[in-house]
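Me: I'm new to reading protein structures, and I'd like a close look at one part of this one. Could you walk me through it in plain words?

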Amino acid sequence: MTTALTAATARGLLAEGARRLAEAGLPTARQDAEWLLADVLGRERFALYGEPEQAVVEAAGHRFRALVARRADHEPLQHLLGYEDFRGLRLRVTPDVLIPRPETEGLVEWALELLNAPSADGGRAGAISRPPLMVNGQSIGPASPLIADIGTGSGAIACALAAARPDARVLATDTSPAALAVAEGNVRALGLADRVRVVAGDLLEPLAGEPGRLDMIVANAPYLPRGILPSLPREVFAFEPRQALDGGPDGMDVIRRLLTAAPAALRPGGRLVLEIGEDQAGPLAALMAARGFVDVASRDDLRDVPRYLAGRLPAGSAVA
């Protein structure tokens, strides 16, 4: 039996909300209750402790109770709040997109390092000016560097790269119209619409008429084996889009397709940077090398799991 939330102060509501969420088995019960009450009251989370005996009007109490009930059903906190923070950017999220995660911040960090690294021709990715890229009859650029974020979802990667590199232009692709709408909204809200173009298309399909143009492809493609999806936490399996999680029988179906298509889209010396699943670094590194990439390397996440894989097309390589 759950406890009715009848307290009329911030302190009381927090205690009752935390207790109910703990009863539901949520390890972050107290923090979640704080986030939800702060959202309802329009205050910063830690500001709640400045006035713990603050009276909460009945309507706000009802809204808080409703949110707590949904969180107790393991609906993601980010869906209830409507946003997630990613590398200092506040992004709108909905059930139509994968919630941005700290692991993907590591992908962006490595991509930025590689963009800043000397290229095989002695310059840097940001040092070469190229003519505009035409996608679906619209111009992107002129740009240096020119990056594609494949399977953009909320637009987290595209927006983070563009925010960190004011000289960059980013093409963000996805097949989901609902996800593209979320990404487009985030791009506009962050003031990046002049440098990030959101385009509907499967993987690199929007670039089919413009081969050999990209400096970098970055992707957090689906990489979970289909068989493990039902064992995921309810927050993930029941509430996040399956198409953003399901990587096929061994988790690598989408990534294999991307590795096949990537060489034709990259310029000589261009790089491919991926977020991958556990136990995938070895086979995917071999496949990347077989597709002509050099300097193939993996990097661990904060849990010491090989989570990222990158490779470079050799300078002077022909379009595949």
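Reply: Let's begin with one term: two residues are in contact when heavy atoms of theirs lie within 4.5 Å. Please keep in mind that this is a predicted model.

With that in hand, let's look at Thr104. This residue sits in helix H5, which covers residues 102-116. Is Thr104 buried or exposed? Its relative accessible area is 7%, and because the cut-off for buried is under 20%, Thr104 counts as buried. Which residues does Thr104 touch, once its neighbours within four places in sequence are left aside? They are Phe86, Ile157, Asn220 and Glu275. Thr104 also shows how a folded chain can bring distant positions together: Arg307 is 203 residues away in sequence, yet the two C-alpha atoms are 9.2 Å apart in space.

One partner of Thr104 deserves its own visit. The side chains of Thr104 and Asn220 are joined by a polar contact of 3.3 Å. Where is Asn220? Asn220 belongs to the loop that runs between strand S8 (214-219) and helix H8 (234-237). Asn220 has a relative accessible area of 17%, so this residue is buried too. If we again set aside neighbours within four places in sequence, the contacts of Asn220 are Leu98, Thr104, Leu107, Ile150, Ile157 and Glu275. Notice that Ile157 and Glu275 appear among the contacts of Thr104 and also among those of Asn220.

Now let's step from that spot to some charged pairs elsewhere in the model. Side chains of opposite charge can pair when their charged atoms come close. How many salt bridges does a search of the whole structure find? The search finds 23.

Take Glu16 and Arg19 as an example. Their closest N and O atoms are 2.5 Å apart, and the two form a salt bridge. Both residues are in helix H1 (residues 10-23), and because they are three residues apart there, about one helical turn separates them. Glu16 counts as buried at 16% relative accessibility, whereas Arg19, at 38%, is partly exposed.

Helix H7 (residues 177-189) holds another pair, Arg188 and Glu184, which are four residues apart, or about one turn of the helix. Their side chains meet in a salt bridge with an N to O distance of 2.9 Å. Arg188 is exposed, with a relative accessible area of 56%, while Glu184 is partly exposed at 24%. Salt bridges can also share partners, and in this way Glu278, Asp301, Arg303 and Arg307 are joined into one network. Arg307 is a residue you have already met, as the one 9.2 Å from Thr104, C-alpha to C-alpha.

There is also the pair Asp85 and Arg90, a salt bridge whose closest N and O atoms are 2.8 Å apart. Asp85 is partly exposed at 35% relative accessibility, and Arg90 is partly exposed at 45%.

Finally, here is how two helices can pack. Helix H2 (residues 29-41) and helix H3 (residues 58-72) meet at an angle of about 145 degrees, and their axes are 9 Å apart. Their crossing is right-handed. On the H2 side the residues are Asp32, Ala33, Leu36, Leu37, Val40 and Leu41, and they meet Ala60, Arg63, Phe64, Leu67, Val68 and Arg71 of H3. Of the residues in this contact, nine are nonpolar, three are charged and none is polar.

Definitions and conventions. Residues numbered from 1 in each chain as written. Predicted model: local features only at pLDDT ≥ 70, side-chain atom pairs only at ≥ 80, totals over all residues. Heavy atoms only, no water. Buried < 20%, exposed > 50% of the residue type's maximum accessible area, 1.4 Å probe, protein only. Axes fitted to C-alpha atoms, helices over the stretch in contact; angles between N-to-C directions. Left-handed = near helix turned anticlockwise from the far one by under 90°. Nonpolar A, V, L, I, M, F, W, Y, C, P; charged D, E, K, R; others polar. Salt bridge = Lys/Arg side-chain N within 4 Å of Asp/Glu carboxyl O. Polar contact = N/O pair within 3.5 Å; in protein donor to acceptor, adjacent residues only side chain to side chain.
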